[in-house]
Structures are given as C-alpha cells and as structure tokens.
Amino acid sequence: MPTHVPVFIVTTLLLAMLPGASQALMIRQALEGGRRTLQGTLAGNASGFLLWSTAAAAGLSAVLLASPTAYAALRIAGGIVLMFLGVKTLRTALTTVSTRPPDEAGRGTGFASGYLTGLITNLGNPKAGVFAISVLPQFVTAEGPVFLSTVALGALWALVSASWYMSLTWAVSRGRALISQPTVLRGLSVTTGVVLLGLGAAVAAGV
C-alpha cells in the first residue's frame, strides 16, 4: 500500500466527521426518511464524491470553479435543496411528531428520492469541489496513470465518508428508544431543521 493512502484515509475521515450539511442531512433522513430513503441518500452522497473526483481528474472541476456563473448556479441550487429540507423538517417537527419508526409512519419516500437528495446536496457543496481539485491531487503519485489514480482515490473518499455516515446513522437508530420520545424527537428535529436551513443559506450565499 502506498504510504500516502493511510494519510488520505485519515484526512477524508476527519473531513467527513466535521459538522456540516451532509451530517445534518443524514441525521434528518435517519429520523424521518425511512431505511430505503437513507440508503439512497448514502449512495447519492457517495456518487457525488465520485463525480467530483472524476471531474478533478479530467480537469472539469477547475473549469467549473473558474466560471463564476456555473459556480454560483451550482452553489445556489445546493443551498436551495438544503433550505427546502430544513423548512420541511421544521414544519414536520412543529406540527406532527410520531413515536413510530419512519417506515411505519409512512414518511419514507424511497431510494430514488433519497439518492437524488444526497447527490444534489453533495454536488451543491462547492467545498467538495475545492477539496477535489486542491487537496486530492496532492495524494496522487507519479507512478501509474494519473487519471485512474485520481478516480481510485475518489472511490476511497466516497467509501470512507459513507462508512462514517453509516456509523453515525446507526448510532442514531440505536438511540431511537430515547429519540422516539415526543419531546426529544421534536427538539432534535427542530435543531436539525434549523441547522439545514442555516447551512443552506450559507451555501447559497457563498459563505
């Protein structure tokens, strides 16, 4: 194993562990989306990492970030998605809170919907693109084809991030007995909704 790979794994794991839009989204889906929706969101988020790394390998992400119009459009789209989810979560928390699991409560929207949400959220986060074109290339060695090496690191990036989010949502699910209490669930849902709304506004504003 090349010596840079363990360092890359640690770097991407720490990046995934940082509080942000993806973490808030995963918690929201674990609480309200249902199992299939959460699985789709995980897959969509991982696909976003693969697309960013492939674009970086092809030099397309540099072109995207160099275009103010394209950059702004992508950023605003991602921000709108996050704000929409935040408003939806707040509305649900402040109106009806069920103690049943998400699937039983009928809130699951399916794998495809979760996948699209996860993908758009990831692609709408310019920070992922900045990481792909500024940090990712530093871990690519001169040995072997650069394009394939970059894409392989992108796949590893997606795997590490997905592993962390799976662990996070598993912990949330394990604590469902506590979380399912109406007061606790409402408080957590309100917090998640506010975080998503704030992060969406920050992303759309380019902060």
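## Packing of α3 and α7

In this predicted model, helix α3, which spans residues 35–58, packs with helix α7, spanning residues 111–123, at an angle of about 35°, and their axes lie 6 Å apart. The crossing of these two helices, α3 and α7, is right-handed. Where α3 and α7 meet, the residues of the contact comprise eight that are nonpolar, eleven that are polar and one that is charged.

## The largest nonpolar core

The largest nonpolar core has 14 residues, and the members that touch the most others are Phe8, Trp52, Ala132, Leu153 and Trp157. Two or more residues of this core are given by each of α3, α8 (126–134) and α9 (146–174), with α3 providing the largest share, namely four residues.

When residues up to four places away in sequence are left aside, Trp157 touches Phe8, Thr12, Leu15, Phe49, Trp52, Ala128, Phe131 and Ala132. Apart from the largest core there is a second, separate core of ten residues, among them Ile27, Tyr165, Leu168 and Val172.

## Helix α9

Helix α9 consists of 29 residues and reaches 42 Å from its first C-alpha to its last, which is close to the 42 Å expected at 1.5 Å a residue. The buried residues of α9 include Thr150, Gly154, Ala158, Val160, Ser161, Ala162 and Thr169. Also buried in this helix are Leu153 and Trp157, both of them listed above in the largest core, as well as Tyr165, Leu168 and Val172, which are included in the second core.

Methods: Residues numbered from 1 in each chain as written. Predicted model: local features only at pLDDT ≥ 70, side-chain atom pairs only at ≥ 80, totals over all residues. Heavy atoms only, no water. Axes fitted to C-alpha atoms, helices over the stretch in contact; angles between N-to-C directions. Left-handed = near helix turned anticlockwise from the far one by under 90°. Nonpolar A, V, L, I, M, F, W, Y, C, P; charged D, E, K, R; others polar. Core = buried A, V, L, I, M, F, W, Y, C linked by side-chain atoms within 4.5 Å. Buried < 20%, exposed > 50% of the residue type's maximum accessible area, 1.4 Å probe, protein only. Contact = heavy atoms within 4.5 Å. Expected span 1.5 Å × (residues − 1).
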